[in-house]
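Colleague: Hi! Could you walk me through this one? I'm still new to reading structures.

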Amino acid sequence: MHTELPQLYDKAAGNIVLTLDIWTSRATEAYLPVLCHFIDENWQQQSYIMETSNIPGQTSLEFLLQQCSTIVGFFHHSTKAAENLKEIQKQLNIPEHKLIQSLETRWNSIFYMLDRIPEQLQVITASLCLLGRNTLCLMKKNWYEKMSVQNYVSISKVIPLVTVLQITMSSAE
């Protein structure tokens with residue numbers, strides 16, 4: 001495979017598109033194939049499967065998503081919690097952004113939810129503790145553990161992980 005990649009790149013004249021798709025087998029195992037697409041010198045579309053990886057630990061990722069959705073749902077359904085969140089944002093000088101709920105009808109809403117939570121994690125934790133909802137707290141340690149349970153990190157985790165790392169590094173300074 002490693003010797004074929006440079007040849008494919010040369011053949012594609014440097015214009016390659018990579019696509020990802022998660023699918024589930026009949027045995028309910030999740031897979032992530034990486035595909036390469038390009039137009040060759042004869043103007044014919046070429047597609048190659050670069051790799052297909054089994055995604056172990058899918059249930060832990062689903063648990064994290066469920067936990068995040070529950071937290072966001074709590075702030076969306078409680079006016080007292082939403083007001084408390086805004087007040088703590090002001091006190092801590094953190095951007096006054098609303099939490100984003102994931103919706104089944106919007107394919108990118110999970111990304112936006114996971115992107116917003118690290119930005120507001122300190123505010124969320126403080127607000128939940130003040131409201132006596134400690135069981136909903138999503139501690140940074142749990143966030144890291146849930147996001148890194150797999151030996152092979154899928155591309156969908158890269159941006160949320162980088163965001164959490166940036167927040168941790170900036171708060172450490």
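Colleague: Let's start with Phe 74 and Phe 75: are they buried or exposed?
Modeller: Both Phe 74 and Phe 75 are buried. Keep in mind that this is a predicted model.

Colleague: Thanks! What does Phe 75 touch, leaving out residues up to four places away in sequence?
Modeller: Phe 75 touches Ala 81, Ala 82, Leu 85, Leu 99, Ile 124, Ser 127 and Leu 128.

Colleague: And which residues have the most contacts inside the largest nonpolar core?
Modeller: Those are Phe 75, Met 113, Ile 117, Ile 124 and Leu 128, in a core of 21 residues. Helix H2 (58-77), helix H3 (79-92) and helix H4 (109-130) each supply at least two residues of this core.

Colleague: Is there a general idea behind that?
Modeller: Yes: in soluble globular proteins, nonpolar side chains tend to be buried together.

Colleague: Nice. Now the aromatic pairs: how many does the structure hold?
Modeller: It holds three aromatic pairs. In one of them, the rings of Phe 38 and Tyr 48 have centres 6.0 Å apart and planes at 15°, so this pair is stacked. Phe 38 belongs to strand E3 (residues 30-39) and Tyr 48 to strand E4 (residues 45-54), so the pair ties together parts that are 10 residues apart in sequence.

Colleague: Which of these words fits Phe 38, buried or exposed?
Modeller: Phe 38 counts as buried, because its relative accessibility is 3% and the cut-off for buried is under 20%. Tyr 48 has a relative accessible area of 28%, so it is partly exposed.

Colleague: What about the rings of Phe 74 and Phe 75, why is that pair edge-to-face?
Modeller: Their planes are at 75° and their centres are 5.4 Å apart. Planes over 60 degrees apart count as edge-to-face, so that is the label.

Colleague: Switching to H3: how many residues does it have?
Modeller: H3 has 14 residues. From its first C-alpha to its last it reaches 20 Å, close to the 20 Å expected at 1.5 Å a residue.

Colleague: Which residues in H3 are buried?
Modeller: Ala 81, Asn 84, Leu 85, Ile 88 and Gln 89 are buried in H3. Looking down the helix axis, the buried residues of H3 fall within an arc of 140°, so they line one face of the helix.

Colleague: Why would spaced-out residues point the same way?
Modeller: An α-helix has 3.6 residues a turn, so residues three or four places apart point the same way.

Colleague: And what exposed residues does the face of H3 turned away from its buried side carry?
Modeller: That face carries Thr 79, Lys 80 and Glu 83, which are exposed.

Colleague: What follows H3?
Modeller: Asn 93 follows H3, and its phi is positive, near 60°. Asn 93 is in the loop between H3 and H4, and it is exposed, with a relative accessible area of 73%.

Colleague: Is a positive phi worth a second look?
Modeller: Most residues other than glycine have a negative phi. Trp 43 also has a positive value, with phi near 60°. Trp 43 sits in the loop between E3 and E4 and is exposed, at 72% relative accessible area.

Colleague: Last one, the whole chain: how many helices and strands are there?
Modeller: The protein chain has six helices and four strands. Starting at the N terminus, the order is α-β-β-β-β-α-α-α-α-α.

Colleague: And what share of the residues is buried?
Modeller: Buried residues make up 35% of the 173 residues in the protein chain. The chain exposes about 11600 Å², with carbon and sulfur atoms supplying 55% of it.

How values were computed. Residues numbered from 1 in each chain as written. Predicted model: local features only at pLDDT ≥ 70, side-chain atom pairs only at ≥ 80, totals over all residues. Heavy atoms only, no water. Phe/Tyr/Trp six-rings, centres within 6.5 Å; stacked < 30°, edge-to-face > 60°. Buried < 20%, exposed > 50% of the residue type's maximum accessible area, 1.4 Å probe, protein only. Areas by Shrake-Rupley, 256 points an atom, 1.4 Å probe, with all protein chains shown as cover. Core = buried A, V, L, I, M, F, W, Y, C linked by side-chain atoms within 4.5 Å. Contact = heavy atoms within 4.5 Å. Expected span 1.5 Å × (residues − 1). Arc of directions from axis to C-beta.
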